[in-house]
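Hi,

Here is the structure I said I would pass on to you. Have a look at it first, and then read my notes below.

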Amino acid sequence: MNKILVPLMLVAGAFAASCGSAPEGSKDAAPVFEPKVYHAQRTSGLVIDGSLDEADWLAAKPSEPFADISVDTLAAKETTVKMLWDDDNLYIGATLVEDKIVATLKQRDTVIWKENDFEVFIDPDGDGESYFEIEINAIGTIMDLMMNKPYRDGGNFYMPWDCPGLQAKTSTDDKGWYVEMAIPRKSLMVGFTDPDTLPYWRINFSRVEWMRSDREENWVWSPTGKIDMHMPECWGYVYFDK
């Protein structure tokens, strides 16, 4: 089913203005942050092996280092992402500096964020509904799901969704671990307009890091102002440069 899209720049402006905000006087008020922007360059294709040493990856500009999700201060351990694209896929390469790699979960769609992980959130048409979440740990175990809308709005997740055609690999060295993904663009068409027709997508990335056994840190590319990744109006923008 295709949705009628309002002019995209109007949507972008509205989201930027409301990101992280709450009704005046609310105890839930949060800082307002401007969503990040990334311009993905075109690639002729990549071999997904978990290494980011191909020429196109080396030439791609890294994102800003991840920050705390709620206060926008730099994370204790650096994380950056790069994005590339071609007619078939959005490619994501992440570098996670780490001095102690922890990853034991091996079953797909187990709750990966119970350990350290890297997460991708994508809402291609930017309407805040029908979006996708993909999580991966350092040994390459995947959890992927669809959301009909954010939890705050009564949303539910659909875990049986496995991203069709997803390729995802990880690698490690003495500096940390690396994620390489190829997400088929046509796999993100559930319930809305063909994403190939959109000049940009809403996207965000999160790193969950258990620095202590009783509390996880949430480090993200585009902060939301609250410990809540399910605020699509605060996610960044990826433009597909031609």
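One term before we start: two residues are in contact when they have heavy atoms within 4.5 Å of each other. Also keep in mind that this is a predicted model.

With that, take Phe205. Leaving out its neighbours within four places in sequence, Phe205 is in contact with Phe66, Val81, Met83, Ile92, Phe118, Glu119, Val120, Trp219, Val220, Trp221 and Met229. Try clicking through those one by one.

Now zoom out. The protein chain has 242 residues, and 52% of them are buried. Its elements are 2 helices and 13 strands. If you take the contacts between residues at least 6 apart in sequence, 65% of them join residues at least 24 apart. On the outside, the accessible surface of the chain is about 11300 Å², and carbon and sulfur atoms account for 54% of that.

Next, the inside. In soluble globular proteins, nonpolar side chains tend to be buried together. Which residues have the most contacts inside the largest nonpolar core? They are Ile92, Phe118, Val120, Ile183, Ile203 and Phe205, in a core of 47 residues. Strand S10, residues 176-184, gives the most to this core, with 6 residues. There is also a second, separate core of 10 residues, and Phe121, Met143, Met229 and Trp235 are among them. You have met Met229 already, as one of the residues that Phe205 is in contact with.

On to the pockets. The largest has a volume of about 340 Å³. Its lining is made up of 20 residues, and Trp113, Glu119, Glu133, Glu135 and His230 lie nearest its centre. Five strands give two or more residues each to that lining: S5 (117-123), S6 (131-136), S7 (142-147), S11 (200-212) and S12 (215-220). Sorted by class, the lining has 12 nonpolar, 3 polar and 5 charged residues.

The second largest pocket holds about 170 Å³ of space. How many residues line this second largest pocket? There are 14, and those nearest its centre are Leu52, Asp53, Lys82, Thr95 and Tyr178. Helix H2 (55-59), strand S3 (79-85) and strand S4 (89-97) each give two or more residues to this lining. The largest share, 3 residues, comes from S3. By class, you get 6 nonpolar, 6 polar and 2 charged residues here.

Finally, a few single residues to look up.

Val97 sits in strand S4. Is Val97 buried, exposed or partly exposed? The label depends on two cut-offs: buried means under 20% relative accessible area, and exposed means over 50%. Val97 has a relative accessible area of 36%, so it counts as partly exposed. Not counting residues up to four places away in sequence, Val97 touches Lys77, Glu78, Lys175, Gly176 and Arg207. Val97 and Tyr178 are 81 residues apart in sequence, yet their C-alpha atoms are 8.7 Å apart in space. Tyr178 is the one you saw among the residues nearest the centre of the second largest pocket.

Phe157 belongs to strand S8, residues 157-158. With 46% relative accessibility, Phe157 is partly exposed too. Beyond the residues up to four places away in sequence, Phe157 touches Leu145, Met146, Met147 and Tyr151. From Phe157 to Met146 it is 11 residues in sequence and 5.6 Å in space, C-alpha to C-alpha.

Val32 is in the loop between helix H1 (8-18) and strand S1 (37-42). Its relative accessible area is 49%, so Val32 is partly exposed. The C-alpha atoms of Val32 and Val71 are separated by 9.7 Å, with their positions 39 residues apart along the chain.

Last come two aspartates with a backbone angle to check. Asp72 has a positive phi of about 60° although it is not a glycine. You will find Asp72 in the loop between strand S2 (67-68) and S3, and at 34% relative accessibility it counts as partly exposed. Asp109 has a positive phi as well, of about 70°, and is not a glycine either. Asp109 lies in the loop between S4 and S5.

Happy browsing!

Technical notes:
Residues numbered from 1 in each chain as written. Predicted model: local features only at pLDDT ≥ 70, side-chain atom pairs only at ≥ 80, totals over all residues. Heavy atoms only, no water. Helix = DSSP H or I, 4+ residues; strand = E, 2+ residues; numbered from the N terminus. Buried < 20%, exposed > 50% of the residue type's maximum accessible area, 1.4 Å probe, protein only. Core = buried A, V, L, I, M, F, W, Y, C linked by side-chain atoms within 4.5 Å. 1 Å grid on protein atoms, 1.4 Å probe; cavity = no way out; pocket = protein on both sides within 12 Å on 5 of 7 lines; lining within 4 Å. Points joined across faces, edges and corners; volume = space filled by probe spheres on them. Nonpolar A, V, L, I, M, F, W, Y, C, P; charged D, E, K, R; others polar. Areas by Shrake-Rupley, 256 points an atom, 1.4 Å probe, with all protein chains shown as cover.
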